Amino acid sequence: MDVDAAYDVLALAEQIVSEFAAESEDAEVGYRSGTRYRAALDELQGFGPGKEPFAFPEDHVLWITGGTRGIGYVCAAHFVRKYGVRKLVLTGLEELPPREEWGFYKGQNTAVAHKIQAIQALEAQQVEVRVLSVSLTDERKMRHSLEAVKSTMGPIGGVLHCAGVIDSHNPAFVRKPVEGIERVFDPKVAGLQVLYDCFRHEALSFFMLFSSVSSTIPVLGSGQSDYAMANAYMDYFAAKEKHANPVISIQWPSWKEAGMGEVRSKAYAQTGLLSVTNEEGLQLLDQILSSRTESVILPAVVNPEIWNPGMLMHNAIQERPEGYTGSQHGGQKAVLVSPKPGGDSLLNKTQVWLAELLAEELKIPFSRLELDTAFQDYGVDSIMIAQLLRRMNQLAMLDLEPTLLFEYPTVESLAAWLVSAHPAAVSQLLGSMNMEGYEHEGKESPPQVPAASEDRRRPSNKGIHGVISSDIAVVGLSCRFPGAESLEEYWRILSEGRSAIRQVPYERWGYSSGFHAGTLNDITSFDHSFFLIPKADAQAMDPQALMVLEESLKLLSHAGYTMQEMKGKPTGVYLGARTQHQPEESSLHQARNPIVAVGQNYLAANISQFLDLRGPSVVMDTACSSALVAMNMAIQALLAGDIDSAIVGGASLLTTDRAHRIFAQRGILSPVQDFHMFDKRADGVVLGEGAGMVLLKTVEQALADGDRIYAVIKGVAVNNDGRTAGPSTPNIQAQREVLQSALRKSGRKPEEISYVETNGSGTTVTDLLELKAIHTIYRESSTIPLGLGSMKPNIGHPLCAEGIASFIKVVLMLQHGRFVPFLSGREAMAHYDIESSPLYFGRENTEWTHAHTSRIAAINCFADGGTNAHVILEEAADLALQRNTRQPVPLPALNKQRLWQTHAMTIPGSRAAADVPQNIFWEKFD
C-alpha cells in the first residue's frame, strides 16, 4: 500500500485497517489525493523494434553477472553472434581453476568442466573472455575489478545483471532463516546497489536487470517469497533510476532450456504464461534492446485461451476456462479449488474443512493448498501439528491420538481416515457448518488412505535379456580429502603425484605436536541454517556429522539430482565411521536436540532426516574397512529390492591427537612426513582424514533413471582373519580368500584385472603378506603386468574413510583412463623382488591401456580387527551408448560460519594432550 508522503498519520492508520479488512484480491494499491488506485499490468500495443537496429559499441566490453552459466551465458553467446561483441567479462561466485589447469577438465562431465568448455567455445570465436570470481556485495573488489578491466580491455559498453539465487529448500516463509533470505537478497538488492554505484558514471548503452515474473504476479511468489521480493526491488530500482541512466528491468517468465529450470506448477499454468525457449527469449531481448521505451517490462509468450493480464496482479487467480486442469503436461494432481455447486460428499467436505484449518494455522490462502502435499512441506512443525490437532478435537468433540498427523500427513489421507474412522462425528460437525459449494476437483477418492503418489514397488534387477544381474552402478561421487576440497582437486593431486601430508598445524590441537598428517584446511565452518540445524546444536555436534551432511549435498548435485527429487524415496544411507565425540555439558545444555550430538547413529541419520530419505540409516565401524563393509551391506539391500538407491561413504577427522598417540605407543606411527609402503624405508603409518561418498543403484535402475554411470561394481567380498597372533596381525589365507571370493562374484578372470589399489600398512610384514596374496590370486599363472598403487602417500591413512578414498580414486582412474603415480615403493624390499614379478608400481601419469574389453581394477582394504574387504570395479564402457540424460546440477550456495576455534580446547569433545589418560584402550586403526 503506497500513500502520499504528507498523509495524515491517523487517517493513514484508519486506511491501513480498512484496506486490510477489505474483501479485495488486489495485491498492490496506492492512494493519491484521497483516490484509490490498484496496480495492474498494461499490455503494450505495437511494441517492437525501433527505427534503428540496436548496435553494441565497437571495441567495448560487455559485462555479465552470473555469466558463466544459465541465461547469462546464453546471452553472452548471443551478443557475440548477433552484435559482434569481442570482449566479455563474466562474473560468478564460483572460482574456476587456473587456466593452466583447464586441460585436466577436457572430456569431464562436471559443472566446472562445462563452464570451462563453454568459455573456451567463446574464445574459439576470437572473443577475449575474462572470468571474475567476485561477490557483488564487495564494493572494494568490484571497483578494483572494474578499473583493472578498463585498463586492460577497454571501456564498458553495457551491463547484463543476470546473477541470482533461490532458496528451494525452505519454501514456507515461516521456515526461512534470516541468513537464507539475506543470501537470496544479496545479488539483487545490496549487490545491485554496488554494481550500479560502480557503473553509474560509465557511458553505457544499457544497464539491464534480469528480474522475474514472480515479482509482479503474486501467485508465483508462493514458496519463493524472498526471491519475489528481491526481484521486486530490482523493478522499483529501475523505475527510480530510469531518468539518470539507461536502466531496464526485465521480468522474465520461465525459460525452458536455461536459467533456474522450467516452472511446471499449477499456479504458473493458470496465469496463461508459457515457458520461453532460448530462441524466443533472445528474440524478446532483441526487441527490448531496440525499443528501450520502458524501464520495467514483462516479455511473455502466452496461451491466448486463458491469458488475462487484468487478473494477474490479484492475490489469487480464480477464473479458469471450464474443464481446465491447470496442467500443461497432462498430469493428474489433486487440488482444492474455489467454491462450486454440487460438492456435497462427506469426503469432499472433510477435505475442505481440514484445508481451511490448515490455511488458517499457516496464514496462507486456502487456494494454495494441495491435497497430497505433506504438512511439513508447508513449514508445519510439531508445535503447529499439536495446535491443529487441538482445534480438530475441540470442533469435532473427539479425542484423537497425538500421532495422527504423523500417520496421515496430507489433507487427502487425513480426511479419508476421519471419514472412515469417525463418520458420525464428522457428519454432525460438517452438517452444522455451511459447506455447500466446495468440491474436490477430479475423481472422488474412496474413504481410505490413498496409495503413495510414486510407484514404490521393488525395482527389478533383471537385465535387458531377462537375466538376473548383480552389477551395481556408481552414479555419483563426492569427496573432501587433504589438499582436495572436491573431486576435481582430488584427481588433480593424484594425477600430478603430489602429497598433501604436512605437520599438523598448531591451530588444530592448540600445541605444536611435531606429528605429521594429511589434514583438511578447515573443519570448523558450517552453514547450520541451510541444513535446518540450530546453531547451538551444530556447535555441540561431532564435526564429522556436519562434514558428511555437506558431502551428501555435493553427492546429489554431482549425480544430477535435486533434493526435491530424492525426497521420500527409498534411499539408504550406509556410512563407515566412528565417533568418540564427547561434547561439554555446557554445550549439551544449550542444544535444543542434544541427542544428535552424542548418538553415533546420527552420523547417518542426519542425512536421512535432512534429505527426507526413507531407506535405512546405518553407521558401520570395522576400522579401516568400514566404508567398504557398509557398501557390501548397501549392495545386498539394492539387489534384494529393499531400496532403489544407496548413499555410501566413509568419514574420519583428527579432532584430537589421540590416534597419533595410540599409534606411537604401538610403535607403528611414522616418525617422518613421507608415508612409505612396499619400500625398504617403510617405518609406520602417517595418518590422514576426510570424507567421501558415492551414490549406488543397480545398473538396470540407473539406466531406467537416465543416470550417468561412472563405473560398475562387479563384485564385493568381506571376511575376517579369525584368530591370529594378535588383533592387528594379518592372516594371509583370509586375505587370499576374500580376493578370490570377490573375483568369483565378478565373473572375471584374474588376468583381466590390470590394477590393484592396495591396502599398504607401512610395515614390513603386513606389506609383504599383501604382495604375496595379490600375486597368488591374480598372477600365479600369468605374466601379464599388474599395476599397484595407493592413495595413502598422497593424503595419509584416513582411518574409517580409507576404503572410500581408495574406491573414489579408482573410479576417477577408470573415468579418465589414466594410471597415476605411486609415491613410494622405490627402494626394494628385502624379501620380495618386485622387478622379477608381474607386479609393478606406476611412476608416471600414463594412459591406462588394456588388452581386454574394458578396464578392470580391484581394491584391497584390510582392517585392524581382521575385517577384510575386496572390491572389483569395471569401467562403464559397454554402457557408453546408453542414453544417459542426467548431468551434474549446480550445488546450492552455502553461507558457512565458524562454529568453533581450531584448537583442542574448543572443539567439542577434544582435550589437550595432558588432559587425556594414558591407560586408554588400544583401539584398532590400521
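A residue is termed buried when its relative accessible area is under 20%, exposed when that area is over 50%, and partly exposed in between (1.4 Å probe, protein chains only). By this criterion E202, at 17% relative accessibility, counts as buried. The structure is a predicted model, in which local features need pLDDT of at least 70 and side-chain atom pairs count only at pLDDT 80 or more, whereas totals for chains, interfaces and linings use all residues. Residues are numbered from 1 along each chain as its sequence is written, and side-chain values use heavy atoms, with hydrogens and water left out.

E202 lies in the loop between helix 6 (190-199) and strand 7 (207-212); helices (H or I, at least four residues) and strands (E, at least two) are DSSP runs, numbered from the N terminus. With neighbours within four places in sequence left aside, E202 is in contact (heavy atoms within 4.5 Å) with L146 and K150. The side chains of E202 and K150 are joined by a polar contact of 2.9 Å. A polar contact is here a pair of N or O atoms within 3.5 Å; within protein, one atom must be able to donate a hydrogen and the other to accept it, and residues adjacent in sequence count only if both atoms are side-chain atoms. A separation of 8.1 Å was computed between the C-alpha atoms of E202 and G157, which are 45 residues apart along the chain.

A second charged residue, K697, is located in strand 20 (residues 690-698) and counts as buried at 5% relative accessibility. The K697 side chain makes polar contacts with the side chains of D705, at 2.7 Å, and of D707, at 2.8 Å. Residues up to four places away in sequence not being counted, K697 touches I472, A473, V475, Y561, L638, D644, S645, A702, D705 and D707.

Two further buried residues are found in strands. S249, in strand 8 (residues 247-252), has a relative accessible area of 0%. Beyond four places in sequence, the contacts of S249 are L209, S211, M234, D235, A238, S295, V296 and I297. F819 belongs to strand 24 (residues 818-819) and is buried, with a relative accessible area of 10%. The C-alpha atoms of F819 and G842 are 7.0 Å apart, with these positions 23 residues apart along the chain counted as their separation. Outside its neighbours within four places in sequence, F819 is in contact with S754, Y755, M813, Y840, E844, N845, T846, E847 and W848.

Helix packing was examined next. Two packed helices are described by the angle between their axes and the distance between the axes. The axes of helix 2 (residues 70-83) and helix 3 (residues 111-123) come within 11 Å and cross at roughly 10°; axes are lines fitted to C-alpha atoms, for helices over the stretch in contact, and angles run from 0 to 180 degrees between N-to-C directions. Helix 2 is therefore roughly parallel to helix 3, given that angles under 35 degrees count as roughly parallel, over 145 as roughly antiparallel, 65 to 115 as roughly perpendicular and the rest as oblique. Helix 2 contributes Y73, A77 and V80 to the contact, and helix 3 contributes A118, I119, A121 and L122. By class, this contact has seven nonpolar, no polar and no charged residues, where Ala, Val, Leu, Ile, Met, Phe, Trp, Tyr, Cys and Pro count as nonpolar, Asp, Glu, Lys and Arg as charged, and the others, Gly among them, as polar.

Helix 26 (residues 732-746) has 15 residues and reaches 21 Å from its first C-alpha to its last, close to the 21 Å expected at 1.5 Å a residue; the expected span is 1.5 Å times one less than the number of residues. At the start of helix 26, a side-chain oxygen of N731 comes to within 3.0 Å of the backbone nitrogen of Q733. Its buried residues are A734, Q735, V738, L739, S741, A742, L743 and S746, and their cover includes strand 21 (711-720), helix 27 (764-779), strand 27 (856-862) and strand 28 (867-874). G747, with a positive phi near 75°, follows helix 26.

Most residues other than glycine have a negative phi. Q126, however, has a positive phi near 65°, in the loop between helix 3 and strand 5 (128-133), and counts as exposed at 62% relative accessibility. A623, also not a glycine, has a positive phi of about 65°. A623 occupies the loop between strand 17 (617-620) and helix 23 (626-640) and is buried, with a relative accessible area of 5%.
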